[in-house]
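Biologist: Could we go through this structure together, taking the ring pairs, the charged pairs and the helices in turn?

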Amino acid sequence: MSTRLRPERAQWLATNILPHEAGLRRWLLRRGSTPGELDDIVQDSYAALASLSDVAHIGDPRAYFFRTAWSIRLRQIQRAKVVAIEAIADLAAFDPISDQPDAERQLSGRQELHRVSAAIDSLPARCRDVFKLRKIESLSQREVAERLGLSESTVEKHVAKAVRLLGDFMATEPAEGGRAGAGRAEMRSVI
Amino acid sequence: MSAQETPASIADTAADWIARLDSGPLTDAENAALDEWLDSDSRHFGAFVRAEAVLASFDRARVLPMSAEDSAEPHRTRPSRRTFIAWAAAASMAASIAGVMLVQREPTAPVTRYASGAEPMRQLELADGSRLKLGPQTEISVRLASRERRIDLVRGAAFFDVAPDPARPFTVSYHNVAVTAVGTSFSVEQASAGEARVLVRHGRVTIAPGRGQPPIYANAGDRATWTIARPETIAMMRLNVEELHRELAWTEGMLVFEGQTIEEAAAAFGRYGSFRILIPEKRLARRKVSGWFAASDPRGFAVAAAASLGATVEHQRDGVIIRPAP
């Protein structure tokens, strides 16, 4: 099962799935998952999505993501074998997509842009420098090391840290709230 | 063992692998180790896939989804829906304001000229610690004296991160209008032939149009525009965060589009070089795009935009033609 990700699949996940992760986590919490269970469900959901041979047929990626996560949660509960039979039947019949009391809007391109900006701004200073040189100015890791006077292994560690922190940011920052956060950062006055 | 592994430690390992892959090709031994790790637990594979998606989120040529909400709003660059403060000359104030424009000049302070070429953005630092970013085809002259710091924008666009120094006002002039700040960050730009503008990111600047006109203040988030020939017509607009971010994206060497048509986006790239993006079919040319792109990579933008719209790209040496799919 060691399918390495093709770049198009990584892009598809980045554009269509990752932005909805924060919403999925909140939704799972409201439906009874504990915080400790979320990471496992999310990691397994990504594994399931990456294993699909074809994603072109998925018209509503967000709904697909939610359904995938829900069925993974069901399997976890069934394996636990401590839940009453009636409860499992209820869960199995539950359609996660029709049950949307608060309409979580689809992210607009504009909102996504600002979430991305806010995410980069949230990185610690040195890590952010490395990340911006790598991703915005497209220097190789070696060139970043030369530019900043760091060892290549330090640069690689900063990239790993950035991936980790940015992942946490994307998982917890609500899409709509990103706008307010970015606004406060931008409008700070010096004098 | 996977029983002891926390999701956090799995995510750490995944991030380490992604960073390793980002630095260059793996050795055979590393490939084998990665395969083994990925195969040993579906959560490993999931964390790896997720970390790869996180990194892909920050790729520069990414066309983002245009929802109905994006395309419903008209172009936000048009001022018609915003409060518009037009300022006109008041001759009676001329006498009391004349003092504002007097600055001590030290003819012996040296003048340094800087110019940029076709590169989308060039950074430099002045002797006082102020950091500048120059857009393409930009020329400035700089004189740092003991009682003032003076910049002249000859042409193009420049962004200033002014090192605070209350004893020495930092003034940027473009033709007959002077923009003064104490410690702040703002741009002065040639907007198009005969037009100029100032955008303030942090702090506040004073804009003095000269010829005895009263100065006006622009604060963080403000954009002042005027016609060079008639600086008394300075108009101010308060931009929201998104608009400010988009209009100053060039300071990062990037172009940001939020609902512009591909045609407009192609024209924006046109200012940065001779590479031509042509979209002969009118309906396709009016499709909208969102995303952020390196100003130096118009071909990358064209490929990404065409892919997202299901269009085809015909590559030529100095440009591309984007057409609807057959």
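Biologist: Is Phe131(A) buried or exposed, and at what relative accessibility?

Modeller: This is a predicted model, in which local features need pLDDT of at least 70 and side-chain atom pairs count only at pLDDT 80 or more, while totals for chains, interfaces and linings use all residues. Residues are numbered from 1 along each chain as its sequence is written, chains are lettered from A and ligands numbered from 1 in the order in which they are written, and side-chain values use heavy atoms, with hydrogens and water left out. Buried means under 20% relative accessible area, exposed over 50%, and partly exposed in between, with a 1.4 Å probe and protein chains only. By that rule Phe131(A) counts as buried, because its relative accessibility is 1%.

Biologist: Which residue of chain B forms an aromatic pair with Phe131(A)?

Modeller: Rings of Phe, Tyr and Trp (its six-membered ring) pair if their centres lie within 6.5 Å, and planes under 30 degrees apart count as stacked, over 60 as edge-to-face and the rest as tilted; over all chains the count comes to 11 aromatic pairs. One of them is edge-to-face, with 5.3 Å from centre to centre and 85 degrees between the planes of Phe131(A) and Phe58(B). This pair crosses between chains, from helix α7 of chain A to the loop between α3 and β1 (62–63) of chain B, where helices (H or I, at least four residues) and strands (E, at least two) are DSSP runs numbered from the N terminus. The partner, which counts as buried at 1% relative accessibility, is Phe58(B).

Biologist: Why is the pair of Phe257(B) and Phe269(B) tilted?

Modeller: Phe257(B) is in strand β17 (residues 254–261) and Phe269(B) in helix α7 of chain B, so that the pair links distant parts of the chain, 12 residues apart. Both residues are buried, and ring pairs link them with Phe293(B) and Phe301(B) into a cluster. The ring centres of Phe257(B) and Phe269(B) are 6.0 Å apart, and the pair is tilted because the planes stand at 50 degrees.

Biologist: Which residue of chain B forms a salt bridge with Glu21(A)?

Modeller: A salt bridge is a side-chain nitrogen of Lys or Arg within 4 Å of a carboxyl oxygen of Asp or Glu, and the count comes to 22 over all chains. In one of these the closest N and O atoms are 2.6 Å apart, between Glu21(A) and Arg50(B), and the pair crosses from helix α2 (residues 21–30) of chain A to helix α3 of chain B. Both residues are buried, and they are linked with Arg25(A) and Asp39(A) in a network of salt bridges. The partner of Glu21(A) is Arg50(B).

Biologist: How far apart are the closest N and O atoms of Asp40(A) and Arg43(B)?

Modeller: Arg43(B) is buried, with a relative accessible area of 11%. Asp40(A) forms a salt bridge with Arg43(B), the closest N and O atoms being 2.9 Å apart. Asp40(A) lies in helix α3 of chain A and Arg43(B) in helix α3 of chain B, so the pair joins two chains. The distance asked for is 2.9 Å.

Biologist: How many residues apart in sequence are the parts that Glu263(B) and Lys282(B) tie together?

Modeller: The side chains of Glu263(B) and Lys282(B) meet in a salt bridge at 3.3 Å, N to O. Glu263(B) lies in helix α7 (residues 262–270) and Lys282(B) in helix α8 (residues 282–285) of chain B, so the separation of the parts is 19 residues. Glu263(B) counts as partly exposed at 35% relative accessibility, and Lys282(B) is also partly exposed, with a relative accessible area of 47%. The separation in sequence is 19 residues.

Biologist: What distance does helix α1 of chain B reach from its first C-alpha to its last?

Modeller: Helix α1 (residues 7–23) of chain B has 17 residues, and the expected span is 1.5 Å times one less than the number of residues. Its buried residues include Pro7(B), Ile10(B), Trp17(B) and Asp22(B). The helix is close to the expected 24 Å, for it reaches 25 Å.
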